[in-house]
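Hi there,

I hope your week is going well. Here is the structure I promised to pass on, and my notes on it are underneath.

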Amino acid sequence: MNEPFPSSPSPVDVVLPCLDEAAALPWVLDRIPPGWRAIVVDNGSTDASPAIARRLGAQVVHEPRRGFGAACHAGLTAATAEVVCFCDCDASLDPGLLPEVAGPVLDGSADLVLGRRRPTTPRAWPLHARLANVELARLVRRRTGLRLHDLGPMRAARREALIALALTDRRSGYPLQMLVRAADAGWRVRETDVPYHPRTGRSKVTGTWRGTWQAVRDMRAVLAERPATGPARTARVPGAER
């Protein structure tokens, strides 16, 4: 059973998809900006992740259907704040930087902001995963006109607008489908650099070649979708020339 929503609204809800992240959760939740609500979406953990998250003050949502997209969408559905952020729950990204990511959405200068991952060490981003990301970014540029460098999992947008995108992918293609449908709808999309650290524990997706290329296949299927709102608008990302 999912816990009830808190009585006092949060200005921003932070969705944290979680599968066996007990070791990383204390650091991650300690870094959530003050006054913002953490929504930890347990996607079938076999460790103490839900209990730890609950003890540290997060709202816990249980999503039995396995898949990154399933967990993200369950968190989005549970969110009530005007702005929603997404962040990995493995300590590879610092939630303390979320105000920089969400800032342009909160002030109305952007509709979707992505954290462009900048690895702090070669161990943070395996070569096969980095190469896959480069190829996907190239395909996104061709499909949408957006000159993005990264399909970063740290991102921010307005909740009602995200729900209106009617995202259907429940696997690894969820973040890409969000981006493609946002571009098709003419959203203003921006990138901002965020440090990318070695994760705590092993990645469930990009930790192996097999997992990485399964994600690539999921995302190629998303790119093959017809635009839902007409032809994609060509747009540029501020700072993309760097």
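Below is what the search for cavities and pockets turned up.

Please keep in mind that this is a predicted model.

Let me start with the enclosed space. Searching the whole structure gives one cavity of 30 Å³ or more, and the volume of the largest cavity is about 40 Å³. Around the largest cavity you will find F68, C72, F86, P153, R155, Y174, P175 and M178. Two elements, α3 (68-78) and α7 (174-184), give two or more residues to this lining. The largest share comes from α7, with three residues. In terms of class, the lining of the largest cavity holds seven nonpolar residues, no polar ones and one charged one.

Now for the open side of things. The second largest pocket has a volume of about 180 Å³. Its lining is made up of R116, R117, P119, W125, R130, N133, V134, A137, R141, L148, H149 and D150. At least two of the lining residues come from β5 (112-119), and at least two from α5 (127-144). With five residues, α5 has the largest share of the lining of this pocket.

Which classes do the residues lining the second largest pocket fall into? Five are nonpolar, two are polar and five are charged. For the largest cavity, to put the two side by side, the lining counts are seven nonpolar, no polar and one charged.

Happy to talk any of this through whenever it suits you.

Best wishes

Terms used
Residues are numbered from 1 along each chain as its sequence is written. This is a predicted model: local features need pLDDT of at least 70, side-chain atom pairs count only at pLDDT 80 or more; totals for chains, interfaces and linings use all residues. Side-chain values use heavy atoms; hydrogens and water are left out. On a 1 Å grid over the protein atoms alone, a cavity is a set of points where a 1.4 Å probe fits but cannot get out, and a pocket is an open set with protein on both sides within 12 Å along at least five of seven lines; lining residues have an atom within 4 Å of a point. Grid points are joined across faces, edges and corners, and a volume is the space filled by probe spheres set on the points. Helices (H or I, at least four residues) and strands (E, at least two) are DSSP runs, numbered from the N terminus. Ala, Val, Leu, Ile, Met, Phe, Trp, Tyr, Cys and Pro count as nonpolar, Asp, Glu, Lys and Arg as charged, and the others, Gly among them, as polar.
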